[in-house]
Amino acid sequence: MKKVLLGFLGWVLAVIIIIALIVVIVGIETTVFMLLWNWIVGGLIGWITLSFWQALGVIVLLDILGGLLFRKRS
């Protein structure tokens, strides 16, 4: 019984760690995208600056459009 409980807790811990890593990676990617957008586009062209959540929305939108437009057909 103890071995099964430890095995289950190990899986739960592994899932929590994987979710935390995904959140951290997405946060870093979004922050880098936001900073680059605000530096390049905002500085050169004078467009609006993006917040963190707007940058995340642009990344998701580009991912959706890229998947629809450039998916491999087999």
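What share of the 74 residues in the protein is buried?

1. Buried residues account for 9% of the 74 residues. The model is a predicted one, and the points below should be read as a description of that model.

2. Fold elements. The protein contains two helices and zero strands. Helix α1 covers residues 2-44 and helix α2 covers residues 52-69, with a loop between them that holds Ile45. Leu50 also sits in the loop between α1 and α2.

3. Surface. About 6,600 Å² of the protein is exposed, and 79% of this comes from carbon and sulfur atoms. A nonpolar patch lies on the surface, formed by Val24, Ile28, Val32, Leu36, Trp39, Ile40, Leu44, Ile45, Trp47 and Ile48. Together these residues have about 1,100 Å² of accessible area.

4. Ile45, a loop residue, is one of the members of that patch. Its relative accessibility is 54%, so Ile45 counts as exposed, the cut-off for that class being over 50%.

5. Leu50. This residue shares the loop between α1 and α2, but Leu50 is buried, with a relative accessible area of 11%. Burial here means under 20%. Beyond its neighbours within four places in sequence, Leu50 contacts Phe33, Met34, Trp37, Asn38, Ala55 and Val58. For one of these partners, Trp37, the C-alpha atom is 7.3 Å from that of Leu50, although 13 residues separate the two along the chain.

6. Thr30. This residue belongs to helix α1. Thr30 has a relative accessible area of 0% and is therefore classed as buried. Leaving out residues up to four places away in sequence, Thr30 touches Phe52, Ala55, Leu56 and Ile59. Ala55 thus appears among the contacts of Thr30 and among those of Leu50.

7. Aromatic pairs. Which aromatic pair involves Phe52, and is it stacked or edge-to-face? The count of aromatic pairs comes to two. In one of them, Phe52 and Trp53 are arranged edge-to-face, with 5.1 Å from centre to centre and 90° between the planes. The cut-off for edge-to-face is over 60 degrees.

8. Exposure of that pair. Phe52 is partly exposed, at a relative accessible area of 27%, whereas Trp53 is exposed, at 64%. Phe52 is also one of the residues that Thr30 touches.

Note on methods
Residues are numbered from 1 along each chain as its sequence is written. This is a predicted model: local features need pLDDT of at least 70, side-chain atom pairs count only at pLDDT 80 or more; totals for chains, interfaces and linings use all residues. Side-chain values use heavy atoms; hydrogens and water are left out. Rings of Phe, Tyr and Trp (its six-membered ring) pair if their centres lie within 6.5 Å; planes under 30 degrees apart count as stacked, over 60 as edge-to-face and the rest as tilted. Buried means under 20% relative accessible area, exposed over 50%, partly exposed in between (1.4 Å probe, protein chains only). Patches are made of residues with over 30% relative accessible area and no salt bridge: like charges are joined within 9 Å, nonpolar side chains (Val, Leu, Ile, Met, Phe, Trp, Tyr) within 5 Å. Accessible areas come from the Shrake-Rupley method with a 1.4 Å probe; for residues, only the protein chains shown count as cover. A salt bridge is a side-chain nitrogen of Lys or Arg within 4 Å of a carboxyl oxygen of Asp or Glu. Helices (H or I, at least four residues) and strands (E, at least two) are DSSP runs, numbered from the N terminus. Contact means heavy atoms within 4.5 Å.
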